[in-house]
Amino acid sequence: MPILYSFRRCPFAIRARLSLLLAGIEVELREVLLRDKPRSLLSYSSKGTVPVLILGDDRVIDESLDIINWTLETASWCHNPNPDSELVTENDTSFKKRLDQYKYWERYPDKSQEEHRALAMPFLSKLEVRLTDKEFLSGDSLGFEDIAILPFIRQFANVDRNGFNEHEKVNLKRWLNRWEDSELFRNAMVKYPVWTPGDEPLCFPLHENLNRGEAQMDAFLKIVEGHDIVISQGLKQSIETAPPKNLSILLNRIFRDANIPQTSRDQIHSKIKNEALRFFGVKNGNPS
Ligand SMILES: N[C@@H](CCC(=O)N[C@@H](CS)C(=O)NCC(=O)O)C(=O)O
């Protein structure tokens, strides 16, 4: 299985994870701390950035756009691949620079945050125009440019979400909301514990792991029952016949079945999910 060194919030890593999800490629995910990068990462790629993808033959891909291109070679998840997109080049060069200056404006005191923001706006206007009569940056269907650019626009919006929402760029907001609300994006943003050498391998994406067979499903149900939640025989049978695609769907069914009040669900959900994440991430896992 390929290995992906990743950092959850890094926009370059997010675009790589999105493309892996779209191509249906499973990897071992190694979440890193940028301030304390593992030696193995640096030995694969001395430039010390993430994402880095290590393929089975020890081939190393250490540029996010190259990872996207590799996923496209493996499974053509879009009809309009455009690796030479000028829009993506502009995103990765001048827009990214302006985004950083706007986000970390204290480090660039020659201008106010507002001034830095204003300098980034022409790129957003360009996207807004693209999205006027098209749903996607890449045209009528999802493509390379959407996946490559989305994490950066999200980062821009997150600097001041209210300011972004108040802005007149309606098409861009619609486009961003659509992504942020999608299962694809949620799956790309699942939290993984920081990797240290010797850890059990954790698979990405998580939902693949749910389909790894009865023994794992039984073990997962035991984790849930360990939280004093009773799972009815009826639900167990229905899960056995048609296993849900991902952990959240499964947990919601269990919560409904066990009448867990809405107010306690979030807390239990995250506790169970953390435990289960470790468990289901185990490569060729033995549930005992
Ligand atoms: N051109 C690279 C850029 C990747 C990059 O700059 N990633 C940042 C994290 S968002 C990084 O690893 N920075 C190194 C550091 O902060 O030490 C790519 O597209 O993969």
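1. Starting with the helix pair in the N-terminal part of the numbering: F12, R15, A16, S19, L20 and A23 of α1 pack up against S64, L65, I67, I68, W70 and T71 of α3. Sorted by class, that contact has 8 nonpolar, 3 polar and 1 charged residues. Keep in mind throughout that this is a predicted model.

2. On geometry, the α1 and α3 axes come within 9 Å, with a crossing angle of roughly 5 degrees. Angles under 35 degrees count as roughly parallel, and α1 and α3 are therefore roughly parallel to each other.

3. There is another helix pair to look at, α4 with α6. Their axes come within 11 Å and cross at roughly 10 degrees, so these two helices are also described as roughly parallel to each other. On the α4 side the contact uses L87, V88, N91, F95, K96, L99, Y102 and K103. From α6 come F144, E145, A148, I149, F152, I153, Q155, F156 and V159. The class count for α4 with α6 is 12 nonpolar, 2 polar and 3 charged residues.

4. Now the open space. The largest pocket has a volume of about 610 Å³. It has 31 lining residues, and C10, P11, F12, K96 and Q155 are the closest to its centre. Some of these names have come up already: F12 is part of the α1 contact with α3, while K96 and Q155 both belong to the contact of α4 with α6.

5. Which elements give two or more residues to the lining of the largest pocket? They are α1 (11-23), α3 (64-74), α4 (86-103) and α6 (144-159), so the helices of both pairs above are represented here. The largest share, 5 residues, comes from α6. As for character, the lining divides into 13 nonpolar, 5 polar and 13 charged residues.

6. Why does the largest pocket lie between domain 1 and domain 2? Because domain 1 (3-79) and domain 2 (86-182) both give residues to its lining. If you are browsing the model, I'd view the pocket with the two domains coloured separately.

7. Enclosed space is a shorter story. Searching the whole structure turns up 1 cavity of 30 Å³ or more, and the space in the largest cavity is about 30 Å³. Its lining is made up of L29, E31, Y192, P193, W195, D199, E200 and L202. By class, that is 5 nonpolar, no polar and 3 charged residues.

8. Next, some backbone details to check by eye. Most residues other than glycine have a negative phi, and most peptide bonds are trans. Against that background, the peptide bond from V50 to P51 is cis, with omega near 5 degrees. P51 sits in the loop between α2 (39-44) and β3 (52-54).

9. F204 and P205 are joined by a cis peptide bond as well, with omega about 0 degrees. Here the proline, P205, is in the loop between β5 (203-204) and α10 (206-210).

10. Last one: D58 has a positive phi, near 70 degrees, and is not a glycine. You'll find D58 in the loop between β3 and β4 (60-61).

How values were computed: Residues numbered from 1 in each chain as written. Predicted model: local features only at pLDDT ≥ 70, side-chain atom pairs only at ≥ 80, totals over all residues. Heavy atoms only, no water. 1 Å grid on protein atoms, 1.4 Å probe; cavity = no way out; pocket = protein on both sides within 12 Å on 5 of 7 lines; lining within 4 Å. Points joined across faces, edges and corners; volume = space filled by probe spheres on them. Helix = DSSP H or I, 4+ residues; strand = E, 2+ residues; numbered from the N terminus. Nonpolar A, V, L, I, M, F, W, Y, C, P; charged D, E, K, R; others polar. Domains from an automatic or database assignment. Axes fitted to C-alpha atoms, helices over the stretch in contact; angles between N-to-C directions. Parallel < 35°, antiparallel > 145°, perpendicular 65-115°, else oblique. Contact = heavy atoms within 4.5 Å.
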